[in-house]
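Work through the exercises below with the sequence and the structure open side by side. Try each task before reading its solution.

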Amino acid sequence: MAYNLLKGKRGIIFGALDENSIAWKVAEIAFEEGAIFTLSNTPTALRFGEINELAKKCNATVIPADATSVDDLTHVFTESMKILGGKVDFILHSIGMSLNVRKKRVYNDLDYNYLNKTLDISSISFHKMLQVAFKLDAINQWGSVVALSYIAAQRTLYGYNDMADAKALLESIARSFGYIYGRERKIRINTISQSPTLTTAGSGVKGVGSLMDFTDRMSPLGNADAHECAQYCVTMFSDLTRKVTMQNLFHDGGFSSMGMSLRAMNIYDKNLEQKLNGD
Ligand SMILES: NC(=O)c1ccc[n+]([C@@H]2O[C@H](COP(=O)([O-])OP(=O)(O)OC[C@H]3O[C@@H](n4cnc5c(N)ncnc54)[C@H](O)[C@@H]3O)[C@@H](O)[C@H]2O)c1
């Protein structure tokens, strides 16, 4: 059911790769809620992904950009304003990648060139996006910018590797730029910290199957899926959340407030019993 939450709003959605992507679901719901927007991803993702299919469905134009390039981002913002007929009201940063994770370099054996890339792609691109938009005055008053984060920014989770540091930086950028944008433009900047989700990026996390089972058992409401995450993003783009800014908002079924749950304890007990009997 649509509520016309984004009627008359213009936006830019970065990071839709395929139908599993969180950004893909955000585009679908934003379209249903009456928004017009452009889509952006890297030229490689455009070649291998299915973004044109999404663009067709949502009447959106696709603008290729490497989000680590200030020139590319400047092009995305100027073109988007031309295509959409004015400044934008919302932006989604749904971008993350670690070459250390991809190449199976563990945290105590990081390749530092890869680490620089991880930070540039997954966090500094958010600063670049915000700085380019600020200089171009590309966002309307009461506009809303959301980037996607993960709880590894606050807590150590086995296998999340250098993406944990990237997410900590991403959340810090949201606060630092959120202050400036709030003070000078009345624009809000937030991060949404999502449950583990089966997407291309999510599948790269070491032991993602066990992790998702664990977080689901630990969360009183269960894991949040990509569609639910997209619904929350759209709420944050709407006028119903105008005074929320500089926050890291957990969208994780309650996981972030738990220490131990009955469902997780049951599994642990079973394994412990087997182990004690076997010893
Ligand atoms: N999947 C999860 O478990 C999970 C949980 C919490 C947060 N997140 C975050 O959600 C966001 C979206 O990820 P997803 O899970 O939808 O996976 P995804 O793989 O579908 O999306 C990641 C996107 O980043 C894009 N990207 C990579 N390098 C880029 C660059 N240089 N410039 C522009 N775009 C680039 C990819 O092309 C892809 O579209 C990421 O920030 C991710 O860290 C994911």
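The exercises concern a predicted model and go from the whole chain to single residues.

**Exercise 1. Overall form and confidence**

Task: Describe the secondary structure, the extent and the confidence of the protein.

Solution:
- Start with the elements: the protein has 11 helices and seven strands.
- Next take the radius of gyration. It is 19 Å, close to the 19 Å that the globule rule gives for 279 residues, so the protein is as compact as a globular protein of that length.
- The C-alpha trace spans about 70 × 45 × 40 Å along its principal axes.
- For packing, 43% of the 279 residues are buried. Among contacts between residues at least 6 apart in sequence, 73% join residues at least 24 apart.
- Finally, confidence: the mean pLDDT is 96, and 100% of the residues reach 70 or more. Among the elements, strand β4 (residues 88-93) has the highest mean, 99, and α8 the lowest, 86.

**Exercise 2. Helix α1**

Task: Decide whether helix α1 (residues 22-32) is largely enclosed or not by the rest of the structure.

Solution:
- List the buried residues of α1: I22, A23, W24, K25, V26, A27, I29 and A30.
- Compare with the length of the helix. Eight of its 11 residues are buried, so α1 is largely enclosed by the rest of the structure.
- Check membership of the largest nonpolar core, which has 70 residues. A23, V26 and A27 are among the residues that touch the most other members, a group that also includes I13, A16, F37 and C233. Helix α7 (residues 163-185) gives the most to this core, eight residues.
- Look at A23 in detail. Leaving out residues up to four places away in sequence, A23 touches I13, F14, G15, A16, L92 and S94.
- Then pass the end of the helix: α1 is followed by G34, which has a positive phi near 95 degrees.

**Exercise 3. G15**

Task: Is G15 buried or exposed, and what does it touch?

Solution:
- Locate the residue: G15 is in the loop between β1 (10-14) and α1.
- Count neighbours. A residue with 20 or more other C-beta atoms within 10 Å is buried; G15 has 26 inside 10 Å, so it counts as buried.
- Find its partners. Not counting residues up to four places away in sequence, G15 touches S21, A23, N41, S94 and I95.
- Note a pair distant in sequence: G15 and H93 are 78 residues apart along the chain, and their C-alpha atoms are separated by 6.9 Å.

**Exercise 4. The shell around the ligand**

Task: Which elements supply residues to the shell around the ligand, and of what class are the residues?

Solution:
- Begin with the total: 26 residues surround the ligand, and the closest are S21, G96, T199, A201 and G202.
- Assign elements. α1, β5 (139-149) and α8 (200-203) each supply at least two residues, and α8 gives the largest share, three residues.
- Sort by class: the shell has 12 nonpolar, 13 polar and one charged residues.

**Exercise 5. Positive phi outside glycine**

Task: Where do N4 and D137 lie, and are they buried or exposed?

Solution:
- Recall the background: most residues other than glycine have a negative phi.
- N4 has a positive phi, near 55 degrees, and lies in the segment before β1.
- D137 has a positive phi of about 50 degrees and lies in the loop between α6 (112-136) and β5.
- Apply the cut-off of 12 or fewer for exposed residues. N4 has 11 other C-beta atoms within 10 Å and is therefore exposed. D137 has 11 as well, so D137 is exposed.

How values were computed
Residues numbered from 1 in each chain as written. Predicted model: local features only at pLDDT ≥ 70, side-chain atom pairs only at ≥ 80, totals over all residues. Helix = DSSP H or I, 4+ residues; strand = E, 2+ residues; numbered from the N terminus. Near = placed C-beta within 6 Å. Nonpolar A, V, L, I, M, F, W, Y, C, P; charged D, E, K, R; others polar. pLDDT = per-residue confidence, 0-100. Contact = placed C-beta atoms within 7 Å. Core = buried A, V, L, I, M, F, W, Y, C linked by C-beta atoms within 7 Å. Rg over C-alpha atoms; globule rule 2.2 N^0.38 Å.
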